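Hi everyone, and thanks for making time for this. Have a look at the model on the screen, and I'll walk you through a few of its features.

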Amino acid sequence: MARFILRRLGLAVITLWLISVWVFCSIQLLPGNVGRSILGPLASPTAVATLNHQLGTDKPALTQYKEWVTGVVHGDFGTSQKLQVPVRPQLTTALRHSFELALVAFLIVVPLSLIGGTIAALRLGSAADRGITITGLSLSAVPEFVTGVVLIAVFGIWLNVLPISATWEPGSGIGSQVQHLLMPAIALSGVLFGYIARMARAGMVEALDSDYVRTAVLKGLPRRTVIWRHAMRNALLPTITVIATQLGYLIGGLVVVEILFNYQGIGRLIFNAAAAHDVPMLEGGAMVVGAVFLLATLAADVLYSLLNPRIRHGSAE
Amino acid sequence: MSTVDVAAPRSALSIQRRETLRAFTRSKTFLAGAAIVGFWILCAIFQARFFQNPNGLSVHILEGPSGSHWFGTDRNGRDVFARVIAGARDILVIAPAATLLGTVCGTALGLVMGYFRGIVDDVLGRLVDAVLSLPVVIVALLAIVSVGPSKKTTILVVGFVFAPLIARTVRTAVLVERDLEYVSAARLRNERAPYILFVEILPNVLQPVIVEFTVRLGYAIFTVATLSFLGFGIPPPSSDWGVQVADHYQYLPGGFAWWPTLFPGLAIASLVIGVSLLADGVSQVLER
């Protein structure tokens, strides 16, 4: 088990390093002069050169990369070129906000989609099954900004029951905070519902078709016991992995939803950094997102092997 | 298997093809999807001939739906109905082009990874993992920030991001094929690797590739629309739906003007749902 986790951790570190190289390279392609774009077209060439020297953007790319990576490894993400403040506190605040939003989204979507997928599997081929499958398929295809504007139009304006902006007034209670997060969270959940419900359905169908479920039924166990005690545990195993890998997707969706609902999260931070050509902020944001995704996948692998004795007691793999 | 194939008359193959075709026409999901997608393709082709100019300006700014403007007018006085009808044009070129690019590159990558295994597979596999660890939207943002948004960049970037995803699927299929007899036979005949990959193995992994293409097409539309909404996809003068929503969602609060946002939004929803129904139909028929 320890070897398994160590191996996965090693692979994650290599992947993270590759992401850093790749993020750095794609940003190095940025056209133009960093000092010039900060100071504007009227600044003197010497002032631009001095600023470039201070920022270190006149150094060779390899030196810049080394300095940046050394900083990141020590937890120093540099200073934002746009806001002139350290990047790290900005990243941590934004990440905390995004986690709150993602948490609400997960709390909504995971139970709903598991129940939906299970019902569909139990009534295979029925109208309920087809309804859930088609709904899931459709929801997972619609971009979040579309779901978002429809939600805003219906719940924010016509029915006027939910706030349009996700940013709450300072000092408001947890109830009000959740209320503000509800609409963006639902917009995020649409896509996830389709994926998770589909996996849960497939897992349940496979489990119900297995020998041990047939044995349990033939033994005369009540249907409820068969489903909950025997089928459910095995059916949900692959779903756990899907839920964790969807976290990566969720962060992508956050970019759109946070902009639409005006919420100060990591997605909006990355978008603003990209729009303003704020290199340290953009690099830091991309690294954090990559790290979060890798951690989530790692957690899913570990959880999966803990829940599945065949892997836990098997070889290192 | 290969000896039987040589002896089998051509008609067996055509019967099989006809069977597949019939399965398509019987699949309700496929037909529903095809109808929706077909509708938008027709709109894109015949828009210029039958409807108003989508870029025609007027003094009627942000007017609600009426007899003369069925879906109202937008902030530049343009007819929203005409723009919704014309909105499918760019995305119906860009998304398939990007998917095609991604499928071609991804298939080649997957063939190489699955066939050679070993160090090639390990190194390429790590690279694929690195690309897939960042959400598509963020990868696209990083790339488009560097070169600036345009239709061509959008195709290249989305194609580039999709290639590793398709490579994974193809690799899995190749891993099964490479141990079969016809591949060993080709190797014994001393065929070169490119021949074995593209002439021997490729036709046998074509089915998952086709399924993957249709599934990815839905994601491509999703991604291109999202990028356009963010201002990093199709550039503004276009009547693209994502651009329309981006331009007008600020008028939603206070119930000021919902029509220039909601109608293009629903249009995107219908197209992506159509494509995903189509994809679901294709995978049901081909993966029976």
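**A walk through the two chains**

Let's begin at one small spot: just after helix 7 of chain B, Gly148(B) takes a positive phi of about 85°. Please keep in mind throughout that this is a predicted model.

Now step back into the helix itself. Helix 7 of chain B covers residues 136-147, twelve residues in total. From its first C-alpha to its last, this helix reaches 17 Å, close to the 16 Å expected at 1.5 Å a residue. Is helix 7 of chain B mostly covered or mostly open? Mostly covered: ten of its twelve residues are buried. If you click along the helix, you will meet them, among them Val136(B), Ile138(B), Leu141(B), Leu142(B) and Val145(B).

Let's zoom out to the whole of chain B. Its secondary structure comes to 13 helices and zero strands, so if you read the elements from the N terminus on, you get α each time, in keeping with that DSSP-style count of runs. The C-alpha atoms of chain B fill a box of roughly 75 × 45 × 30 Å along the principal axes. Of the 288 residues in chain B, 48% are buried. How much of the contact in chain B comes from residues 24 or more positions apart? Among contacts with a separation of 6 or more, such pairs account for 71%.

Here is another backbone detail in chain B. Arg117(B) has a positive phi of about 50°, although it is not a glycine. Most residues other than glycine have a negative phi. You'll find Arg117(B) in the loop between helix 5 (88-116) and helix 6 (118-132) of chain B. Arg117(B) is partly exposed, with 13 other C-beta atoms within 10 Å.

Chain A offers an example too. Asn262(A) is not a glycine, yet it has a positive phi of about 55°. Asn262(A) sits in the loop between helix 10 and helix 11 of chain A. Is Asn262(A) buried or exposed? Asn262(A) counts as exposed because 12 other C-beta atoms lie within 10 Å of its own, and the cut-off for exposed is 12 or fewer.

While we're in chain A, look at a helix pair. Helix 5 (residues 87-122) and helix 8 (residues 174-208) of chain A pack at an angle of about 35°, with their axes 5 Å apart. Their crossing is right-handed. The contact of these two helices has 25 nonpolar, five polar and three charged residues.

Next, where do the chains meet? Here 39 residues of chain A are in contact with 37 residues of chain B. Several helices of chain A each supply at least two residues to the side that touches chain B, including helix 1 (2-28), helix 10 (223-260) and helix 12 (279-307). Which helix gives the most? That is helix 1 of chain A, with eight residues. By class, this side of chain A has 32 nonpolar, seven polar and no charged residues.

Finally, a word on confidence. The mean pLDDT of chain A is 80, and 90% of its residues reach 70 or more. Within chain A, confidence is highest in helix 5, at 88, and lowest in helix 13 (residues 309-312), at a mean of 61. Where pLDDT is low, the predicted coordinates should not be read in detail.

Notes:
Residues are numbered from 1 along each chain as its sequence is written. Chains are lettered from A and ligands numbered from 1 in the order in which they are written. This is a predicted model: local features need pLDDT of at least 70, side-chain atom pairs count only at pLDDT 80 or more; totals for chains, interfaces and linings use all residues. Two residues are in contact if their C-beta atoms, placed from the backbone, lie within 7 Å. Helices (H or I, at least four residues) and strands (E, at least two) are DSSP runs, numbered from the N terminus. Ala, Val, Leu, Ile, Met, Phe, Trp, Tyr, Cys and Pro count as nonpolar, Asp, Glu, Lys and Arg as charged, and the others, Gly among them, as polar. A residue is buried if 20 or more other C-beta atoms lie within 10 Å of its own, exposed if 12 or fewer, and partly exposed in between; C-beta atoms are placed from the backbone. The expected span of a helix is 1.5 Å times one less than its number of residues. Axes are lines fitted to C-alpha atoms, for helices over the stretch in contact, and angles run from 0 to 180 degrees between N-to-C directions. A crossing is left-handed if the near helix is turned anticlockwise from the far one by less than a right angle, and right-handed if clockwise. pLDDT is the predictor's confidence in each residue, from 0 to 100.
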